[in-house]
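Reader: I would like a close look at one part of this model, taken slowly and residue by residue. Please describe how its helices are placed against their surroundings, and which side chains take part.

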Amino acid sequence: MSKLINPADIEFFLALATAGSISKTAREQGITPAAVSRHLSLMESRLGVPLFNRTTRSMSLTPEGEVYLDHARKIVGNISEMED
């Protein structure tokens, strides 16, 4: 399985990290919670690390997720600057 980062994954990850929950992300994205969970699982599988600690009632970023979030924000910021 490829470890390449899909650009769409960055926006998805930022939406999930901002929303803080699978169900809220699903509502905001207009997809099912199962689809959000599958997308996240595929990302984590491709990267080889968990990005979120998940329980039935909460989710939080792992240390690797914090690093991914920092880089994702920088990338999106750089793209915005480039567009300007």
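Author: Contact, in what follows, means heavy atoms within 4.5 Å. The model is a predicted one, and the account below begins with a single buried residue before it moves outward to the helices.

Glu44 belongs to helix H3, and with a relative accessibility of 10% it counts as buried, since buried means under 20% relative accessible area. When its neighbours within four places in sequence are left aside, Glu44 is in contact with Val49, Pro50, Leu51, Phe52 and Arg54. Three of these names, Pro50, Leu51 and Phe52, return in the surroundings of Thr62, which touches Pro50, Leu51, Phe52 and Asn53 once residues up to four places away in sequence are not counted. Thr62 itself lies in the loop between S2 and H4, and it is buried, its relative accessible area being 3%. From that loop the side chain of Thr62 reaches the backbone nitrogen of Gly65 at 2.9 Å.

Gly65 leads on to helix H4, which spans residues 63-83 and whose axis comes within 10 Å of the axis of helix H1, residues 7-19, the two crossing at roughly 120°. The crossing by which H1 passes H4 is left-handed. On the side of H1 the contact is made by Asp9, Ile10, Glu11, Phe13, Leu14 and Ala17, while H4 contributes Gly65, Tyr68, Leu69, Ala72, Arg73, Ile75 and Val76. By character, the residues of this contact between H1 and H4 divide into nine nonpolar, one polar and three charged.

Within that contact, Leu14 may be followed individually. Leu14 is a residue of helix H1, and at 14% relative accessibility it counts as buried. Not counting residues up to four places away in sequence, Leu14 touches Leu69, Ala72, Arg73 and Val76, each of which is also listed among the H4 residues of the contact. Val67, by contrast, is placed in helix H4 but counts as partly exposed, at 47% relative accessibility. The C-alpha atoms of Val67 and Leu40 are separated by 16 Å, with their positions 27 residues apart along the chain.

From Leu14 one can also turn towards helix H2, for Leu14 and Lys24 are ten residues apart in sequence and 13 Å apart in space, C-alpha to C-alpha. Lys24 takes part in an arrangement at the start of H2, where a side-chain oxygen of Ser21 reaches to within 3.0 Å of the backbone nitrogen of Lys24. In helix H2, which covers residues 22-29, the buried residues are Ile22, Thr25 and Ala26. Seen down the axis of H2, these buried residues fall within an arc of 100°, and so they line one face of the helix. An α-helix has 3.6 residues a turn, so residues three or four places apart point the same way. The cover over the buried residues of H2 includes H1, helix H3 (33-47), strand S1 (52-54) and strand S2 (59-61). On the face of H2 turned away from its buried side are the exposed residues Arg27 and Glu28. After H2 comes Gly30, whose phi is positive, near 70°.

Notes
Residues numbered from 1 in each chain as written. Predicted model: local features only at pLDDT ≥ 70, side-chain atom pairs only at ≥ 80, totals over all residues. Heavy atoms only, no water. Axes fitted to C-alpha atoms, helices over the stretch in contact; angles between N-to-C directions. Helix = DSSP H or I, 4+ residues; strand = E, 2+ residues; numbered from the N terminus. Left-handed = near helix turned anticlockwise from the far one by under 90°. Nonpolar A, V, L, I, M, F, W, Y, C, P; charged D, E, K, R; others polar. Buried < 20%, exposed > 50% of the residue type's maximum accessible area, 1.4 Å probe, protein only. Arc of directions from axis to C-beta. Polar contact = N/O pair within 3.5 Å; in protein donor to acceptor, adjacent residues only side chain to side chain.
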